[in-house]
Amino acid sequence: MLKKLPLPWSRYIPAGLTLTLGIGLSTLTFALVWNWEDKRRDYEMHRRIDDISIGLERQLNSDLDVVLALSDYMKAFSAVERSSFARFVGRPLSVHPSLQILAWAPRIPNSQRRDYEAKARIQSDSSFEITERGPQGELRKAGEQRSEFFPVLYVEPAAGNETALGFDLASNPNIRAALDRGRDTGEMIITSYLGLIEDNPSEPGLLAIVPIYENSPKPTTLESRRELLQGFVLGIFRGKDIFQASLKGRNIDYLNIYLTSEASDKQEASLQPPPTPDPVLKDLAATEQIHQLALLFQSGSQQVFSASASAAQEVKSNCPILENPGPDYTACRRLLKITGRQWSVYVSATPEIRRTRKHWRSWGTLTMGMLWTLLPVTYMLTALSRTAQIEKLARDRTRQASELQDAYQQLEAEQAKSEQLLLNILPAAIALRLKANESNIAESFGEVTVLFADIVGFTELSSRIPATAVVKVLNDIFSAFDHLADRHGLEKIKTIGDAYMVVGGLPTPRPDHTEAIANMAIDMLREIRLLSLDYSEPFSIRIGISTGPVVAGVIGLRKFIYDLWGDTVNIASRMESHGITGCIQVTAETYEILKDKYTFQKRGAIQVKGKGYMTTYLLIGRKEW
C-alpha cells in the first residue's frame with residue numbers, strides 16, 4: 001500500500017485549476033453569448049439599414065425621374081407653350097409630395113435679351129423681366145455685363161413662386177457652377193437647395209438640373225455642347241418630404257439618417273472635361289464649387305438639417321453596429337444608385353438606442369456556468385491525497401526515463417566524435433577493418449596514380465614571416481588541396497613539411513584514377529594562383545605524377561597512418577623534385593594513359609636519382625573537343 005503523503009498547499013492546485021477553468025469557461029461562454037446577442041442585433045440593424053436605403057433609393061429615383069421625364073418632353077418639341085408645360089407637370093406635382101418646383105430656363109444671349117423680355121411679357125406675364133439678387137438679397141433687374149442669361153420662363157406651381165419667374169440662374173455663383181457642370185457633361189446635376197425662390201430657404205432640399213440641347217441628343221464634344229445648349233430643366237425637392245415619404249412604414253426608431261451625394265460628386269468630377277479658353281463664355285465660369293448634397297434627418301423630431309463636415313463625421317462614427325472601424329466608418333453606410341450614380345447614406349444611433357440593448361441570455365449563461373463549476377471542484381477536493389501519490393510516481397518514472405535518454409544521446413555524440421576523428425586519419429574502408437579488430441592491414445594494388453606536390457620557396461617565406469603566419473598560410477593551402485581531393489574522389493595520404501601526397505585508385509579501386517589525379521593537378525595550379533593573389537605572395541608549386549603498382553597498409557601499434565610503399569611512390573616523388581616550377585611532370589606510363597584526352601609537352605629524357613635517364617612529359621591541360 002502506498003504511503004500517504006502530506007498535503008501541502010500545492011496539492012490544491014488541481015482543484016484551483018479546475019475552479020479557474022470553470023470560471024474561465026463560464027466567462028468565455030458569457031462573452032460568446034454576449035457577442036452572439038450583439039451580432040444578432042447587428043444583423044437586425046443591417047436589415048433595417050438595408051430597408052431604409054432601399055426606400056430612399058426608390059423615392060429619390062422616382063422623384064428625379066420626374067425631372068428626367070420633363071427634360072425628355074422638352075427635347076421632343078422645339079417650342080413648348082406655357083399651358084402645355086403646366087398640363088404636363090400637373091400630375092407629377094400632385095403625386096410627388098416632395099416636389100416643390102418644376103421649371104424651364106432657356107438660354108438667352110445678351111443680344112436677344114430685349115426682344116425676349118418683350119415677347120415673354122406678351123406670352124407669359126406683362127411684368128416679366130430678367131432679374132437677379134443684389135448684395136442684400138433684394139430682387140432687382142439683371143445687369144447688362146453678362147454675355148448670356150438663363151431666366152426662369154415657366155415655373156409650376158405658379159402660386160407662391162412668382163419671384164422665381166424671370167430669375168437669372170447664372171446670376172447665382174453656386175447655381176452657375178451647377179449649370180456649367182451640366183452644360184459641359186450633358187448629365188443631370190444634383191446639388192443642395194440654394195434658395196432659388198427666397199433669400200433664406202426655410203428647410204434644406206435638393207436642386208436637380210438637366211441641360212437641353214438643340215436637336216435633342218447630347219452632342220459628343222465639349223465645344224458642341226456649349227454651342228448647342230438650349231436651356232435647363234430644373235426641379236426643387238423638399239428634403240423633409242423626401243425622407244418622410246421614403247421612410248413611411250419603416251422602423252427608424254432611435255436612428256438618425258445622413259444622406260450625401262459625395263460618391264456621385266466624385267464621379268462627376270472625374271467626368272468633368274478640362275476647362276478650355278472661351279471668350280464668349282468666360283463670364284459663366286463659376287467662382288465656387290458645386291454644393292455637395294448633405295442632409296441629416298432626425299427621426300425623433302422628424303426634422304431635416306444641412307449637415308456640416310463635423311456633423312457628418314459624428315454621424316459616421318456613431319453607428320449602431322458595433323463592428324465599425326475607423327477612419328472610414330462604413331458599417332452603417334450603404335451606396336445608393338441614384339439616376340445612374342452612387343450616393344451614400346449613413347445611419348447613426350441616438351443615445352436612447354443604447355438603453356435598448358439587453359443581455360439577459362449572457363448573464364443567465366454565466367450564472368449556470370458558475371453553479372456547474374462547483375460540482376467537479378467539490379469532488380476533486382476529496383481525492384487530493386490519491387492524486388498526489390500517483391503524480392509522484394509518474395514524476396519519478398519520467399525523470400528516470402529523461403536521464404536515460406540524456407545519457408544515451410551523450411554516448412551517441414561521443415561515439416560520433418570518435419568516428420569522425422578516425423575518418424580524418426584513415427580511409428573509411430580501412431577504419432572499418434580496424435574496428436573489426438583486423439591486424440596487419442596490407443594490400444597490393446596493381447595500378448594506382450600517385451601525386452606529389454611541393455611548395456617552391458616556402459623555406460625562404462618561413463624566414464620572412466612569423467611562425468603563426470607560416471602555419472596559417474600552409475593550412476590554407478593544404479585545406480584547399482583537401483577540398484580538391486574530396487571533390488575528385490581521391491585519397492589524401494599525408495603532408496611532409498610543405499609537400500602534399502595524394503593517390504587515386506585505392507583503397508577502393510576505380511578505373512579513372514589517372515584522369516582524377518590529372519584533373520586535381522590542374523586544379524591545384526589554379527588554386528595556388530588564387531591564393532597568391534589573396535596573400536600577395538608569389539606562391540608556386542611543382543607537381544609530379546607516376547602510375548604503377550604499390551603496397552598500402554597500416555603498420556605499428558600507435559598513431560596509425562595509412563601509407564604507401566613501392567617504386568611508383570619513389571618515382572612520383574622524383575617527378576616532383578626534378579620537375580619545373582609551376583608545371584606538372586608525369587612519367588611515360590601516365591602519359592600513355594592520358595595522351596588521348598589531355599595535352600602534353602614532351603620534356604625528354606632526364607636523369608632521375610636511382611633510376612637513370614627517364615622520358616618525362618609536362619601535362620598542359622584537357623583537350624578541347
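A residue counts as buried when its relative accessible area is under 20%, and as exposed when that value is over 50%. Arg542, at 17% relative accessibility, therefore counts as buried. The structure described here is a predicted model.

**Salt bridges**

The structure holds 30 salt bridges. Arg542 takes part in one of them, meeting the side chain of Glu576 at 3.2 Å, N to O. This pair ties together parts that are 34 residues apart in sequence, because Arg542 lies in strand 18 and Glu576 in helix 15 (residues 567-577). Glu576 is buried too, with a relative accessible area of 8%. Elsewhere, salt bridges with shared partners join Glu132, Arg140, Arg146 and Asp168 into one network.

Two other pairs sit within helices. Arg40 bridges to Glu44, with the closest N and O atoms 3.6 Å apart. These two are four residues apart in helix 1 (residues 13-76), so about one helical turn separates them. Arg40 has a relative accessible area of 37%, which makes this residue partly exposed. Glu44 is also partly exposed, at 37%.

Arg113 and Glu117 form a salt bridge in which the closest N and O atoms are 3.4 Å apart. Both belong to helix 3 (residues 113-123), and their spacing of four residues means about one helical turn between them. Are Arg113 and Glu117 buried or exposed? Both are buried.

| Salt bridge | Closest N to O |
|---|---|
| Arg40 and Glu44 | 3.6 Å |
| Arg113 and Glu117 | 3.4 Å |
| Arg542 and Glu576 | 3.2 Å |

**Strand 18 at Ser546**

Strand 18 covers residues 541-554 and includes Ser546. At 2% relative accessibility, Ser546 counts as buried. What does Ser546 touch beyond residues up to four places away in sequence? One group of contacts is Val448, Thr449 and Val450. The others are Thr568, Ile571, Ala572, Thr587 and Thr590.

**Strand 14 and its partners**

Strand 14 spans residues 341-349. Eight of its nine residues are buried, so the strand is largely enclosed by the rest of the structure. Strand 14 pairs with strand 10 (residues 255-260) through six bridges, and the two run antiparallel. Six bridges also join strand 14 to strand 13 (residues 333-338), again antiparallel.

Tyr346 of strand 14 appears in both pairings. Tyr346 is the bridge partner of Tyr258. Arg333 also stands opposite Tyr346.

Strands 13 and 14 form a hairpin with two residues between them. Thr339, in the turn, has a positive phi of about 50°.

As background, side chains in a regular strand alternate between the two faces of the sheet.

**Helix 14 at Ala516**

Helix 14 runs over residues 513-535 and contains Ala516. Ala516 has 5% relative accessibility, so this residue counts as buried. Which residues are in contact with Ala516, leaving aside its neighbours within four places in sequence? They are His488, Leu490 and Arg510. His488 is 28 residues from Ala516 along the chain, yet their C-alpha atoms are separated by 5.9 Å.

Conventions:
Residues are numbered from 1 along each chain as its sequence is written. This is a predicted model: local features need pLDDT of at least 70, side-chain atom pairs count only at pLDDT 80 or more; totals for chains, interfaces and linings use all residues. Side-chain values use heavy atoms; hydrogens and water are left out. Buried means under 20% relative accessible area, exposed over 50%, partly exposed in between (1.4 Å probe, protein chains only). Contact means heavy atoms within 4.5 Å. A salt bridge is a side-chain nitrogen of Lys or Arg within 4 Å of a carboxyl oxygen of Asp or Glu. Two strands pair if DSSP finds at least two bridges between them.
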